[in-house]
Amino acid sequence: MGKTNQSSVTEFVLLGLSGYPELEAIYFVLVLFMYLVILPGNGVIIIVSVCDSHLHTPMYFFLSNLSFLDICYTSSSIPLFLSSFLTSKKTISFSGCGVQMFLSFAMGATECVLLSMMAFDRYVAICNPLRYPIIMSKNSYVPMAAGSWIAGAVNSMLQTSLAMRLPFCGDNVINHFTCEILAVLKLACADISINVISMVVANMIFLVIPVLFIFISYVFILSTILRIPSSEGRHKAFSTCSAHLTVVIIFYGTILFMYAKPKAKDSYGADKVQVTDKIISLFYGVVTPMLNPLIYSLRNKDVKAAVKNILCKVQSAF
């Protein structure tokens with residue numbers, strides 16, 4: 001399409017579940033409830049990891065980073081998502097869409113790398129326990145976490161700049177809850193092959209490589225655990241990495257299901273698939289951050305003890 005037929009898009013319309021008003025009220029209540037769980041749940045993890053000296057370890061440092069990441073990720077989209085249910089105006093400015101895309105992409109990429117760093121931490125703790133204090137010293141795990149954030153931000157800046165510099169020819173309706181990059185690219189009236197290639201490369205770096213790294217780490221971890229003679233020792237060793245493994249399965253399982261399932265060919269089936277995609281995206285964006293603090297704290301005696309200790313200090317102060 002020539003430049004004369006292009007119009008400047010200043011805002012986007014987020015379609016969400018507009019075609020399904022009966023579902024909007026249900027999802028508003030569910031998402032609001034989950035967001036009110038995400039903020040204090042992940043906030044508590046951060047507070048206890050900082051305030052309790054017993055939790056000043058690489059595992060809890062990574063965990064506090066993961067909790068902060070979940071708060072940032074959900075806060076970049078959920079408030080707008082909730083407000084769209086309360087008003088008929090379901091729009092977001094062009095610049096606001098770019099910011100939201102950058103934050104969601106950065107948080108997602110960072111979490112992929114961060115989960116692989118946590119897998120390496122568990123590998124060293126179980127397979128090389130005597131060298132753990134040396135390998136996972138503060139001079140090691142702080143740069144590892146910082147590198148995760150920097151890598152995610154750089155990748156997101158590249159993907160967002162490539163997407164937002166594309167021309168949009170008047171069609172500004174995004175068939176999604178948020179400015180999801182694939183939904184935005186569908187509105188472009190120019191060749192998006194560079195965007196596709198860059199996303200494929202990014203997916204290899206931030207999805208495939210971390211998954212392989214985590215898989216190999218757990219192969220060595222399970223091999224080491226199975227060689228422990230006592231059942232009590234095996235249970236204790238496995239319990240130290242079961243929470244991380246659960247989070248990895250939920251996080252990557254949702255991503256793989258969302259992007260690897262076959263597409264419907266007929267229009268009715270395609271419409272159902274689009275609604276399913278949105279619901280899965282909601283699960284990925286809200287349910288996973290809500291489950292993370294629950295998974296890491298429900299069976300974790302250290303976190304429970306730290307929370308109890310902080311509560312006692314607060315009560316004594318008043």
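Which helix holds the place of Ser116? In this predicted model, Ser116 sits in helix H4, residues 94–127.

**View 1. Surroundings of Ser116 in helix H4.** Ser116 has 4% relative accessibility, so Ser116 counts as buried. A polar atom of the Ser116 side chain lies 2.5 Å from the backbone oxygen of Val113. Leaving aside residues up to four places away in sequence, Ser116 touches Pro210, Phe213 and Ile214.

**View 2. The largest nonpolar core, with 45 residues.** Within this core, Phe62 and Leu115 touch the most other members. At least two residues come from each of helix H1 (21–51), helix H2 (58–75), H4, helix H6 (138–164), helix H8 (193–226), helix H9 (231–260), helix H10 (267–298) and helix H11 (301–317). H4 gives the most, with twelve residues.

**View 3. Contacts of Phe62.** Residues up to four places away in sequence are not counted here. Phe62 touches Leu114, Met117, Met118 and Asp121. Phe62 also touches Met136, Tyr141, Met144 and Ala145. Another core, of 20 residues, lies apart from the largest nonpolar core. Among its residues are Phe105, Cys179, Ala183 and Leu187.

**View 4. Two spans annotated "transmembrane region" in UniProt, 141–158 and 204–226.** The annotation comes from an unreviewed entry, which also covers residues 25–48, 60–82, 102–120, 238–259 and 279–298. Residues 141–158 are 100% helix and 0% strand. The end C-alpha atoms of that span lie 26 Å apart. Residues 204–226 are likewise 100% helix and 0% strand. Here the end C-alpha atoms are 31 Å apart.

Methods. Residues are numbered from 1 along each chain as its sequence is written. This is a predicted model: local features need pLDDT of at least 70, side-chain atom pairs count only at pLDDT 80 or more; totals for chains, interfaces and linings use all residues. Side-chain values use heavy atoms; hydrogens and water are left out. Helices (H or I, at least four residues) and strands (E, at least two) are DSSP runs, numbered from the N terminus. Buried means under 20% relative accessible area, exposed over 50%, partly exposed in between (1.4 Å probe, protein chains only). A polar contact is a pair of N or O atoms within 3.5 Å; within protein, one must be able to donate a hydrogen and the other to accept it, and residues adjacent in sequence count only if both atoms are side-chain atoms. Contact means heavy atoms within 4.5 Å. UniProt positions are given in the numbering used here, feature names are shortened, and annotations may be inferred rather than shown by experiment. A nonpolar core is a set of buried Ala, Val, Leu, Ile, Met, Phe, Trp, Tyr and Cys residues joined through side-chain atoms within 4.5 Å.
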